[in-house]
Amino acid sequence: MRKKIVAGNWKMNKTLPEAEQLIKELLNKINTEQKVEVIIAPAFVNLPLAVELTQNSDIEVAAQNMHFEDAGAYTGEVSADMLKAIGVEQVILGHSERRAYFNETDEVLKKKAHKAYEKSMTNIFCVGEQLDDRKAGKHFDVVKSQLQKALFDLPLQAYKKIIIAYEPVWAIGTGETATPEQAQEMHAFIRETLAKKYGQDLANNVRILYGGSVKPGNAADIFSQPDVDGGLIGGASLKAGDFDAIVEAAKKL
Ligand code: PEP
């Protein structure tokens, strides 16, 4: 049985005082009863505070990105060791905004995924097609290629710390959501792709999240699909009430 995950990607939102307020609201509201894993991913500058405030709580903390080198002349970047030193053990990699606006290619993401593995960090790895890909019927090929290029040189044991997030780019921040059937179809395909490469056992155990305009009103329908193991939430993770309602929807399944 795969435990559901609800992860919030805060993106470039919330100053330190705002982050403090939101985390405190989340701590007051969220009660996972150990049924759901809850992760928040604030901006780098807010991570130390997030780690401190969520100690001894049900809320885990992830970074939104990291560099693939350990240290050096990479102005503006943050390494795995820097994250680990402040108690952050999870990182979102390959978000479509990183791919689109910061030129993160499959090759770069492969290096990052390997670094996350080397440093024993949980890698929440995002894949997903553009609208044109879907219209052209290429969505399965695109997602398969993203997985193969960045992750398929990793050994089987790396997947103990890999969570896949399927995020169709056309559904991110647009208010448009994949239908539960579209999400299920792609999640089943991802699982099948993993099974062909690493075996059915591994594929059965990897958690695959859906991301793209998940809200309290649609979370239950999407999360109840057999291959959907929760969600990566953008906009709705910035409102404690909405995020808690999504956690509650996951809890009931
Ligand atoms: C995301 O950016 O990961 C995301 C899913 O955003 P939203 O929920 O706002 O569509």
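**Figure 1. The shell of residues around the ligand in a predicted model.** Ala, Val, Leu, Ile, Met, Phe, Trp, Tyr, Cys and Pro count here as nonpolar, Asp, Glu, Lys and Arg as charged, and the others, Gly among them, as polar. By that scheme, the shell around the ligand holds four nonpolar, eight polar and two charged residues. In total, 14 residues surround the ligand. The closest are Lys11, His95, Glu167, Gly173 and Ser213.

**Figure 2. Polar contacts of the ligand with Glu167, Gly173 and Ser213.** Three distances are shown in this view, each from an oxygen atom of the ligand. At glutamate 167, the partner is an N or O atom of the side chain, 2.7 Å away. At glycine 173, the partner is a polar backbone atom, at 2.6 Å. Serine 213 also offers a polar backbone atom, at 2.7 Å. How much of the ligand's accessible area does the protein cover? On its own, the ligand has 290 Å² of accessible area, and the protein covers 98% of this.

**Figure 3. The largest pocket and its lining.** The volume of this pocket is about 430 Å³. Its lining is made up of 17 residues. Nearest the centre of the largest pocket lie Lys11, Met12, Gln64, Arg98 and Phe102. Which helix gives the most to this lining? Helix α4, residues 96–101, does, with three residues. By type, the lining of the largest pocket has ten nonpolar, four polar and three charged residues.

**Figure 4. The second largest pocket and its lining.** This pocket has a volume of about 240 Å³. It is lined by 15 residues. Tyr159, Lys160, Lys161, Asn205 and Val206 lie nearest its centre. Two elements, β6 (162–166) and α9 (200–205), each give two or more residues to the lining. The largest share, three residues, comes from α9. Six residues of the lining of the second largest pocket are nonpolar, four are polar and five are charged.

**Figure 5. An aromatic pair between Phe152 and Tyr198.** A pair of aromatic rings is described by the distance of the centres and the angle of the planes. The whole structure holds four aromatic pairs. One of them joins phenylalanine 152 and tyrosine 198. Their ring centres lie 5.5 Å apart, and their planes stand at 90°. The arrangement is edge-to-face, because planes over 60 degrees apart count as such. The two residues belong to distant parts of the chain, 46 residues apart. Phenylalanine 152 sits in the loop between α7 (139–151) and β6. Tyrosine 198 belongs to helix α8, residues 180–198.

**Figure 6. Positive phi at Lys11 and at Asn103.** Most residues other than glycine have a negative phi. Where are the two residues of this view placed? Lysine 11 is in the loop between β1 (4–9) and α1 (16–29). Its phi is positive, about 55°, although lysine 11 is not a glycine. Lysine 11 is also among the residues closest to the ligand. It is one of the residues nearest the centre of the largest pocket as well. Asparagine 103 lies in the loop between α4 and α5 (106–118). The phi of asparagine 103 is positive too, about 60°, and this residue is not a glycine either.

Technical notes. Residues numbered from 1 in each chain as written. Predicted model: local features only at pLDDT ≥ 70, side-chain atom pairs only at ≥ 80, totals over all residues. Heavy atoms only, no water. Near = heavy atom within 4 Å. Polar contact = N/O pair within 3.5 Å; in protein donor to acceptor, adjacent residues only side chain to side chain. Areas by Shrake-Rupley, 256 points an atom, 1.4 Å probe, with all protein chains shown as cover. 1 Å grid on protein atoms, 1.4 Å probe; cavity = no way out; pocket = protein on both sides within 12 Å on 5 of 7 lines; lining within 4 Å. Points joined across faces, edges and corners; volume = space filled by probe spheres on them. Helix = DSSP H or I, 4+ residues; strand = E, 2+ residues; numbered from the N terminus. Phe/Tyr/Trp six-rings, centres within 6.5 Å; stacked < 30°, edge-to-face > 60°.
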